[in-house]
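Hi everyone, thanks for coming. Today I'd like to walk you through one protein, step by step, with the picture on the screen. Please have a look at it first.

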Amino acid sequence: MTLAAATLARAEELVIPQGTVVFGELDERITSNGNKFRVGYPVDGHVWKDVTVDGHTIIRAGTPIELRISRLAGKSVGGQGGALQIMAVSVKAVDGTEITLAGGYDQSATDISGLTRALSMFIWPASFLPGKNAVLDVGTVFDSSIPANTRIVLPDGALPTLKLVARPDLVVDVLYDDIDQKEGTLPLSLRLCDKEYTREAHITAINDDDVKPILVTIIIGKRGESCHEFTGRVNLESLKEHFKPGINRFTVSMGGAEASTVLNVEM
């Protein structure tokens with residue numbers, strides 16, 4: 001068991017650590033068309049999933065996020081595609097505290113928060129081809145962060161907690177430094193604990209939707225006493241039809257355990 005101590009200033013207060021990630025989702029479709037949008041345009045969006053600190057939900061899923069278009073460049077006569085960037089400004093915590101955010105989404109190249117590096121898909125949808133306007137559709141997920149330690153007041157009845165967290169059976173991470181898009185595969189690291197050694201692994205869900213199992217080919221497997229370490233690869237061709245622009249979440253099943261990780265996809 002791993003012991004996680006609560007970060008509390010007083011019994012009724014909690015400090016949100018600097019760098020806490022806030023995932024957001026767009027509620028409207030925006031493009032780099034300057035006739036419809038402009039820099040500074042307020043974009044509708046909400047928190048994609050609960051933000052928790054030490055077992056307390058400090059920002060609830062569905063909470064509106066203040067977003068602005070921070071860069072907009074329409075398609076050029078020479079055939080160059082448009083560029084579109086949104087900036088996360090602020091969000092309210094459960095006690096009503098206005099929390100400043102940093103980060104957002106940059107359709108032209110990479111996400112600007114730097115929290116998840118981007119994988120550029122090798123098959124480009126028509127809406128993102130050179131000479132087209134950049135598009136961020138409803139449902140695009142992006143990441144932002146809280147740039148400084150922020151103190152909030154916990155709701156009435158919330159008590160300081162000492163949370164015991166069990167070691168996860170399966171942990172999956174994307175090996176960004178090993179990505180070779182010419183090879184057409186996505187490299188993964190996997191750690192399977194308290195389960196029998198196996199080399200069978202599959203992606204079973206993408207963005208919370210069940211998919212026909214997609215094989216994770218295990219390249220390297222190392223047995224351990226309690227945990228086994230693996231390196232695997234997934235065919236990108238099998239993934240691309242399920243991905244959407246922005247941050248995608250996928251679930252890997254292995255040895256009766258499941259784990260999810262995220263991948264930022266630029267299109």
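**A walk from a hairpin to the cores**

Let's start with a hairpin: it is formed by β22 and β23, with 4 residues between the two strands. Keep in mind that what you see is a predicted model. The two strands of the hairpin run antiparallel and are joined by 5 bridges. You can find some of the partners by eye. Thr217 stands opposite Arg233 in β23, and Lys222 has Glu229 of β23 as its bridge partner.

Now let's step back for the overall picture. The protein has 25 strands and 1 helix. Of its 267 residues, 43% are buried. Take the contacts between residues at least 6 apart in sequence: 66% of them join residues at least 24 apart.

Back to our hairpin, and the sheet around it. In what order do the strands of this open sheet come? The order is β18-β19-β23-β22, so to speak from one side to the other, which makes 4 strands with antiparallel pairing. β18 (170–174) and β22 (217–222) are at the edges, and each has a single partner strand, so one side of each has no neighbour in the sheet. On average, neighbouring strands here are turned by 20 degrees against each other, ignoring direction.

Let's follow the pairing across. β18 and β19 run antiparallel and are joined by 5 bridges; in this pairing, Leu170 stands opposite Leu192 of β19. Moving on, β19 and β23 are also antiparallel, with 9 bridges between them. Here Leu192 turns up again, standing opposite His228 in β23. As for β19 itself, 7 of its 9 residues are buried, so the strand is largely enclosed by the rest of the structure. One general point to remember while you look at strands: in a regular strand, the side chains alternate between the two faces of the sheet.

Next, let's pick out one residue of β23, namely Phe230. Is Phe230 buried or exposed? With a relative accessibility of 3%, Phe230 counts as buried, since the cut-off is under 20%. Which residues does Phe230 touch, if we leave aside neighbours within four places in sequence? Its contacts include Leu188, Leu190, Leu192, Tyr197, Ile218, Ile220 and Met254. Leu190 is a nice example: Phe230 and Leu190 are 40 residues apart in sequence, yet their C-alpha atoms are 5.0 Å apart in space.

That brings us to aromatic rings. How many aromatic pairs does the structure hold? There are 3. In general, we describe such a pair by the distance of the centres and the angle of the planes. One of the pairs is Phe37 with Tyr41: the ring centres are 5.0 Å apart and the planes are at 90 degrees, so this pair is edge-to-face. Phe37 is buried, with a relative accessible area of 10%. Another pair is Tyr197 with Phe230, which is tilted, at 5.4 Å centre to centre and 35 degrees between the planes. Tyr197 sits in the loop between β19 (185–193) and β20 (201–206), while Phe230 is in strand β23, so this pair ties together parts that are 33 residues apart in sequence.

Now for the nonpolar cores. In soluble globular proteins, nonpolar side chains tend to be buried together. Here, the largest nonpolar core has 30 residues, and Ile30, Ile59 and Ile69 touch the most other members. Several elements give two or more residues to this core, among them β3 (21–26), β9 (65–73) and β10 (83–92). There is also a second, separate core of 27 residues, which includes Val172, Leu186, Val234 and Met254. Let's look once more at Ile30: beyond its neighbours within four places in sequence, its contacts include Phe37, Tyr41, Ile69, Leu84 and Val135. So Phe37 and Tyr41, our edge-to-face pair, are both in contact with Ile30.

One last stop, with a polar residue this time. Asn248 is part of strand β24 (residues 246–254). Asn248 counts as buried, with 0% relative accessibility. What does its side chain do there? The side chain of Asn248 makes a polar contact with the side chain of Asn207, at 2.9 Å. Leaving aside neighbours within four places in sequence, Asn248 is also in contact with residues including His242, Phe243, Thr261 and Leu263.

That's my tour. Thanks for listening!

Notes. Residues are numbered from 1 along each chain as its sequence is written. This is a predicted model: local features need pLDDT of at least 70, side-chain atom pairs count only at pLDDT 80 or more; totals for chains, interfaces and linings use all residues. Side-chain values use heavy atoms; hydrogens and water are left out. A nonpolar core is a set of buried Ala, Val, Leu, Ile, Met, Phe, Trp, Tyr and Cys residues joined through side-chain atoms within 4.5 Å. Buried means under 20% relative accessible area, exposed over 50%, partly exposed in between (1.4 Å probe, protein chains only). Contact means heavy atoms within 4.5 Å. Two strands pair if DSSP finds at least two bridges between them. Axes are lines fitted to C-alpha atoms, for helices over the stretch in contact, and angles run from 0 to 180 degrees between N-to-C directions. A polar contact is a pair of N or O atoms within 3.5 Å; within protein, one must be able to donate a hydrogen and the other to accept it, and residues adjacent in sequence count only if both atoms are side-chain atoms. Rings of Phe, Tyr and Trp (its six-membered ring) pair if their centres lie within 6.5 Å; planes under 30 degrees apart count as stacked, over 60 as edge-to-face and the rest as tilted.
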